[in-house]
Amino acid sequence: MTNAILTGLMLGGMYALIAMGLTLQYGVARIMNLSYGEFLIAAAFTAHWLFTGWALSPFVGMAFVVPAAFAVNFAVYKLLLTPLVRRARTRDALEVDSILATFGLTFIVQGSMQSMFGGAYYSYSYLAFPVQVLGETLSANRLAALGITVVLGLALYLALTRTRAGTAIRAVAVDPAAAQLVAINVERTSALTFALGGALVAAAGVLVSTFLTFSASSGVVFTMKALIIVVMGGVGNILGCLIAGLLLGVSEALVASLVDPGLTLAVNFALFLAVLLVKPAGLFGRATR
Amino acid sequence: MGTTITRRMALLASVCAATFGLVATAHAQASLKIGYAISRTGPNTGGAAVTTLPNYELWVKEVNAAGGIKLGDKRVPIEIVQYDDRSNAEEAVRAIERLVNQDKVDFILPPWGTGLNLAVGPTLNREGYPHLAATAVTDRAPELAKRWPNSFWLLGTSADAAKTLVDLLVKLRDDKAIGDTVAMVSIADGFGIDLSSAGRKALTDAKFKLAYDKSYPIGTQDLAPIINEVKALNPDVFIAFSYPPDTLALTEQSRIAGLNPKVFYTGVGTAFPLYRQRFGKNTEGVMGIGGWSGDSPAIKDYLARHKASAANGAEPDRWASAVTYASLQMLQQAIEKVGKVDRAAVIKELQTGTFDTVIGKVKLENNMPTRYWWVGQWQDGEFYGVAPAANEGARKAVVPKPAWVAQ
Amino acid sequence: MTLRTTTLGAIALAAIVLLAFVPRLANPYYLALAISLLQYTVLATAWGMFSGPTRYVSLATTAFFGVGAYTVAVLGEVLPWPVVLVVAASLGAILAAVVGLSTLRLSGVYFVIFTFGLAELVRQLVVWFEVNKSRVLGRYVFVNVTQSDIYWQLLILAIAVFLIGWLVARSRLGFALRIIGEDETVATHCGINTTIAKVALFTISATIMTIVGAIMAPRWTYIEPSIAFNAMISFQVLIMALLGGAHRLWGPILGAVPLVILFELLSARFPNTFTIILGCIFLLIVYLLPRGVAGLLESGKARWGETFKPRAVA
């Protein structure tokens, strides 16, 4: 039981980590980013390349990957998405446009990874040793990932609630039109937030690569998981994201050890659907958009 | 408009090429057109990129370097037409129809995986092309071979796979090397379920105690709960009918949790070079599906050629890769024996002939081989076939598996 | 007006007659391509029927498609073919009605993700049931249905879809849905029972998708959940309908036909760089055709018609 809960927490931490970036991109910059998982895999590939080619620890590698991802995502927003944002008259229109555009982007990123790394599975061993916590054996890499998730989540939460820039970001999330009235540069804030989301997903990609096997075509799995968590927690809400991720992780682990591992994913989706039926805007979402 | 012009020119060019091609074939076979549709995108990509594609490319490269395939008294080079089936049954079927009717290829190489091979089966049968399925494991193989006499099921049936594994376990138990507690997990898709159903029956018939018997869905990202549960039961044998990502995850988790049964068996992916690269010394004693006669000179030579040809010097996997390459050798020898593009005669030749391949002499019975490698084991950094023990080149299984070491 | 309708009707009739002869004229590859075109035309039009007027973006297409395909896998060898189709359609309708009733409160992206989750849930449950109860996963479909049969069935279904769409648009239901699409609150205040209207249309659209899945299943011999419940189908249908323009009944077909052909041409010409080129073309479409092909045609028509009649304001 303790074991199941601990495992669940670690899994949930990974889910939350994967979803944090998307909740920023979607909640604040209003881009429903379908190519999100592809960027995660791209970061995983980079970490793998740095580790096997340059013997660079993934945690050191993060110092390169995360700023690079920030820059790339900033450029993607400026070049590809700004025209759509300017063109869109309503939020619905932007949603449809961003689904289409990022769907196209999915193919480009995935195709590039395929031509660079081929379609095979990739995996490497890092921090793969057992650690004793509360008398239970856990793997060090997953535990490290959980630790970094908590740190990132807390830092982000504090930055959003305690700093001026964070307040501006939240203002844009609530109402872009009104934010403009109080002299917030909405376009710039959105671009930076989108890039920040991209940086977070890159960090997630690096961490995930230390314990999961991935290939150029496995991005969509992460996009979907992230979307579900974001929506379940309430779009744009970091705290909701953390809780939804943990909820899914713990329920998955409990079902796997107490009921049947065959039902884990079904329970995940059922839980998600149930939350939406009771609270249509997610756990921490506002009822109206 | 620029686009219209280019499109028209492209059309013109292709018409020219088509007419030219027709004229050329009318005179003499200038090249042998071989087509395939393979998963370059989607969930099947990982398997196709390891097992199928490098072997197709290696074979074509080698045959063309030797001047081509011998038709009668002259050699004709192979010309390749290839598509992406996007891991999708509908696309795979359409691609085959396109290869047959548009490109009018002489021969077709099959896609990767059980599902897609079954999907293209009826079309290849209707059009009369030989279908050498080297990456499909299905219990219906004998029945399919009867239904579609042009189809050859080279990887065998899952019932056979499970039975061979259990036979090995029975022998080990008789030798007092293991006890009789078994924990079995399987992935919830066609392959895993077929194998676990057959395994369950064989294990119960052999009076093994099945302490744990569960399946997990595709895409499960943390298998720790399963391993922890299994560890608490302390079985003598751990069997996982798994796919590559979970094969790696299960092994990793077992090492972390210290699950070290006397027999540790995992599914697809155990035979991949990636597995050794990931686990190094810890592969020692791990059993898995597949295997090959690692000491045979033909296999050693094949391994070296594969490494030299594939991108990044990738090695073949130790199961279906060699079978895939052997299937291409069989096709080549059958075509050369017939001496012309006569598909019915080639099918006949494949059914009755004996072929010299990297996996040894192959003679099919009822469109299926008579020998398979079902259980392999990592020994000294190579994945040797250990069962069936009657196979040429079979090594003796090392039991109990050595303890995991720190990496 | 009547003249225009008659002309359109005549053209449509001629097209149908012509299309009916495709299996007799085309080689198997063109027949396969035609089947693909019809499949996506029907799916995208059915998708647009519900999502166009209500603006609810659904990703559940594959859930219904898969239920249809799976029904055939389970019952195909047991029951006569027409009965199988009826069973599949009823299952799809029941599932759609249940889903429709439970998703009323959701809107916007919540609905999008919900429908996606639904497709996955259905798939997971089918897997679990097959694994633990029937102990087989992956079923074989050996039924006597030829490619031409599949084509004709799809053609009939396509005609039915356009007829249903046309009738719905002219009914009170269609009018109600357009108001819901503009503003759901207003619709409620007008005394429209938004629940019944939405569920009814969702059910019609989903039933059609289920039948498509059932008709297509015999093409693949072997069906397992990952083949039947392929999430890509949902995305492709969505993209096709949006590209064509979901606000018109004839919009989705303008997206489905060019995209199917484009996919086909690209995967044939550039098997290695296919995905990258596809992505670039996608982006181009988004930037150059903001309102879909239907929108482009309309604005083109409006521009040409300016001198003759007052321009319709969107």
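A residue counts as buried under 20% relative accessible area, as exposed over 50%, and as partly exposed in between. The exercises below apply this scale and others to a predicted model.

**Exercise 1. Which residue forms a salt bridge with D97(A), and is each partner buried or partly exposed?**

Step 1. Start from the atoms: D97(A) forms a salt bridge with R87(A), and the closest N and O atoms of the pair are 2.8 Å apart. Since a salt bridge requires a side-chain nitrogen of Lys or Arg within 4 Å of a carboxyl oxygen of Asp or Glu, the pair qualifies.

Step 2. Place the partners in the chain: D97(A) belongs to helix α4 (residues 91-117) of chain A, while R87(A) belongs to helix α3 (residues 58-87) of chain A, and the two are 10 residues apart, so the pair links distant parts of the chain.

Step 3. Apply the scale: D97(A) has a relative accessible area of 7% and is therefore buried, whereas R87(A), at 29% relative accessibility, counts as partly exposed because the value falls between 20% and 50%.

**Exercise 2. How many residues apart are K163(B) and D167(B) in their helix, and how many apart are E120(C) and R123(C) in theirs?**

Step 1. The side chains of K163(B) and D167(B) meet in a salt bridge at 3.3 Å, N to O. Because the two are 4 residues apart in helix α6 (residues 158-174) of chain B, they are separated by about one helical turn.

Step 2. Accessibility completes the picture of this pair: K163(B) has a relative accessible area of 46% and is partly exposed, and D167(B), at 42%, also counts as partly exposed.

Step 3. In chain C, the side chains of E120(C) and R123(C) meet in a salt bridge at 4.0 Å, N to O. Both lie in helix α6 (residues 108-134) of chain C, 3 residues apart, which is about one turn of the helix, and both are buried.

Step 4. For the wider setting, a search of the whole structure finds 30 salt bridges over all chains.

**Exercise 3. What span should helix α3 (residues 28-54) of chain C have, and where is its kink centred?**

Step 1. The helix has 27 residues, and at 1.5 Å a residue it should span 39 Å. The expected span is 1.5 Å times one less than the number of residues.

Step 2. Compare this with the model: the end C-alpha atoms of α3(C) are 39 Å apart, which agrees with the expected value.

Step 3. Look for a bend: α3(C) has a kink of about 35°, centred on G48(C).

Step 4. Examine the ends and the surroundings: N27(C) caps the N-terminal end, with a side-chain oxygen 2.9 Å from the backbone nitrogen of Y29(C), and the helix is followed by R55(C), whose phi is positive, near 60°. Of the 27 residues of α3(C), 24 are buried, and the helix is thus mostly covered.

**Exercise 4. Which strands pair with β11 (residues 263-266) of chain B, and in which sense?**

Step 1. Strand β10 (residues 237-241) of chain B pairs with β11(B) in the parallel sense over 3 bridges, and V237(B) has V263(B) as its bridge partner in β11(B).

Step 2. Strand β12 (residues 287-289) of chain B also pairs with β11(B) in the parallel sense, over 2 bridges, and T266(B) has G288(B) as its bridge partner in β12(B).

Step 3. Follow the connections: the chain crosses from β11(B) through helix α10 (residues 273-279) of chain B to β12(B) in a right-handed β-α-β crossover, and β10(B), helix α9 (residues 244-257) of chain B and β11(B) make a right-handed β-α-β unit.

Step 4. Consider the faces. In a regular strand, side chains alternate between the two faces of the sheet. In β11(B), V263(B) and Y265(B) lie on one side, F264(B) and T266(B) lie on the other, and all four are buried, so both faces are covered.

**Exercise 5. Where do R86(B) and S87(B) lie, and is each buried or exposed?**

Step 1. R86(B) lies in the loop between β4 (78-84) and α3 (89-101) of chain B, and S87(B) is placed in that loop between β4 and α3 as well.

Step 2. Most residues other than glycine have a negative phi. Phi is nevertheless positive in R86(B), near 50°, and in S87(B), near 55°.

Step 3. At 13% relative accessibility, R86(B) counts as buried, and S87(B), at 13%, counts as buried too.

How values were computed. Residues are numbered from 1 along each chain as its sequence is written. Chains are lettered from A and ligands numbered from 1 in the order in which they are written. This is a predicted model: local features need pLDDT of at least 70, side-chain atom pairs count only at pLDDT 80 or more; totals for chains, interfaces and linings use all residues. Side-chain values use heavy atoms; hydrogens and water are left out. The bend at a residue is the angle between axes fitted to the seven residues ending there and the seven starting there. Buried means under 20% relative accessible area, exposed over 50%, partly exposed in between (1.4 Å probe, protein chains only). A polar contact is a pair of N or O atoms within 3.5 Å; within protein, one must be able to donate a hydrogen and the other to accept it, and residues adjacent in sequence count only if both atoms are side-chain atoms. Two strands pair if DSSP finds at least two bridges between them. A crossover is right-handed if, with the strands pointing away from the viewer, the path from the first strand over the helix to the second runs clockwise.
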